Amino acid sequence: MRIKSILAGLAVIIVITVTAWVVWKNINPESAPLPSAAIGRKQVFHPVPAPDASFLVNGKQDYLSQYRGHKIMLWLYSTWCSSCAEGLHALQKKRSELARDGVTLIALDNYRNDGYSGPSVKEFTSRFAPSLEDAQGVLLGTATKDLRNIYNSKEYPDIYYLINAKGMVKVISSSPDSSMQTILHFARTGQ
């Protein structure tokens with residue numbers, strides 16, 4: 001009888017602990033890693049500050065923090081990914097709207113292309129979105145390992161972040177081709 005009482009007490013403690021942890025995780029989004037997105041759909045969550053990280057453009061190091069004060073679309077993609085090619089082409093088609101609304105597009109090949117072979121950033125862009133190569137407000141480069149660890153630790157082939165001018169992540173999603181309305185809404189409103 002005493003063992004049953006002890007086991008019942010332990011079960012109650014475990015249930016209370018798990019419930020408290022779940023509630024705490026849901027009200028403290030800063031404690032969760034950034035890429036907690038269910039890929040392919042817009043995430044609704046409390047905005048969190050976008051951590052600073054470096055990336056490479058033409059072999060030179062650049063930092064996200066240098067673009068604070070601008071609306072940013074940070075897109076991490078893989079050059080071997082066919083839906084990424086469609087996404088790049090879709091961004092090329094909507095570039096004038098994004099530029100008009102002040103969005104800086106930072107499109108980065110995933111660190112080491114997620115371990116798979118594929119064309120270089122230049123070859124990929126030349127093939128699928130040549131007008132983005134020298135477009136104002138567009139940075140094409142490569143993610144560093146640190147940036148990958150912060151923004152794409154699960155190594156999705158395609159994930160993007162919409163970051164407002166205050167440096168807050170407003171949306172985490174993927175596949176710009178299929179989520180262009182979300183991107184254009186953010187461009188217009190910053191939300």
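**Sheet architecture, second largest pocket and a loop with positive phi values**

Strand β5 (residues 103-109) runs parallel to strand β6 (residues 138-143), and five bridges join the two. Within this pairing, Ala-107 has Leu-140 of β6 as its bridge partner. The structure described here is a predicted model. In that model, β5 and β6 belong to an open sheet of eight strands, arranged in the order β1-β8-β7-β4-β5-β6-β2-β3 with mixed pairing. The edges of the sheet are formed by β1 (48-49) and β3 (60-63), each of which pairs on one side only. In general, the strands of a sheet pair through backbone hydrogen bonds, in either a parallel or an antiparallel manner.

Two helices that lie across the sheet were examined further. Helix α2 (residues 82-93) lies across β4 (71-77), β5 and β7 (158-163), and its direction makes an angle of about 155 degrees with β4. Helix α6 (residues 180-189) lies across β4, β5, β7 and β8 (168-173), running at about 20 degrees to β7. Strands β4, β5 and β7 are thus crossed by α2 and also by α6.

Strand β6 also contributes to the second largest pocket, where five lining residues, the largest share, come from this strand. The volume of the second largest pocket is about 220 Å³. Besides β6, the elements giving two or more residues to its lining are β2 (54-57) and α4 (121-128). The lining comprises 13 residues, and those nearest the centre of the pocket are Val-57, Asn-58, Val-121, Leu-140 and Gly-141. Leu-140, one of these central residues, is also the bridge partner of Ala-107. By residue class, the lining consists of six nonpolar, five polar and two charged residues.

The loop between β5 and α4 contains Asn-113 and Asp-114, whose backbone conformations merit separate description. Most residues other than glycine have a negative phi. Asn-113, however, has a positive phi, near 55 degrees, without being a glycine. The phi of Asp-114 is likewise positive, at about 55 degrees, although this residue is not a glycine. As regards solvent accessibility, Asn-113 counts as buried because its relative accessibility is 6%, below the 20% limit for this class. Asp-114 also counts as buried, because its relative accessibility is 9%.

Conventions: Residues are numbered from 1 along each chain as its sequence is written. This is a predicted model: local features need pLDDT of at least 70, side-chain atom pairs count only at pLDDT 80 or more; totals for chains, interfaces and linings use all residues. Side-chain values use heavy atoms; hydrogens and water are left out. Two strands pair if DSSP finds at least two bridges between them. Helices (H or I, at least four residues) and strands (E, at least two) are DSSP runs, numbered from the N terminus. Contact means heavy atoms within 4.5 Å. Axes are lines fitted to C-alpha atoms, for helices over the stretch in contact, and angles run from 0 to 180 degrees between N-to-C directions. On a 1 Å grid over the protein atoms alone, a cavity is a set of points where a 1.4 Å probe fits but cannot get out, and a pocket is an open set with protein on both sides within 12 Å along at least five of seven lines; lining residues have an atom within 4 Å of a point. Grid points are joined across faces, edges and corners, and a volume is the space filled by probe spheres set on the points. Ala, Val, Leu, Ile, Met, Phe, Trp, Tyr, Cys and Pro count as nonpolar, Asp, Glu, Lys and Arg as charged, and the others, Gly among them, as polar. Buried means under 20% relative accessible area, exposed over 50%, partly exposed in between (1.4 Å probe, protein chains only).
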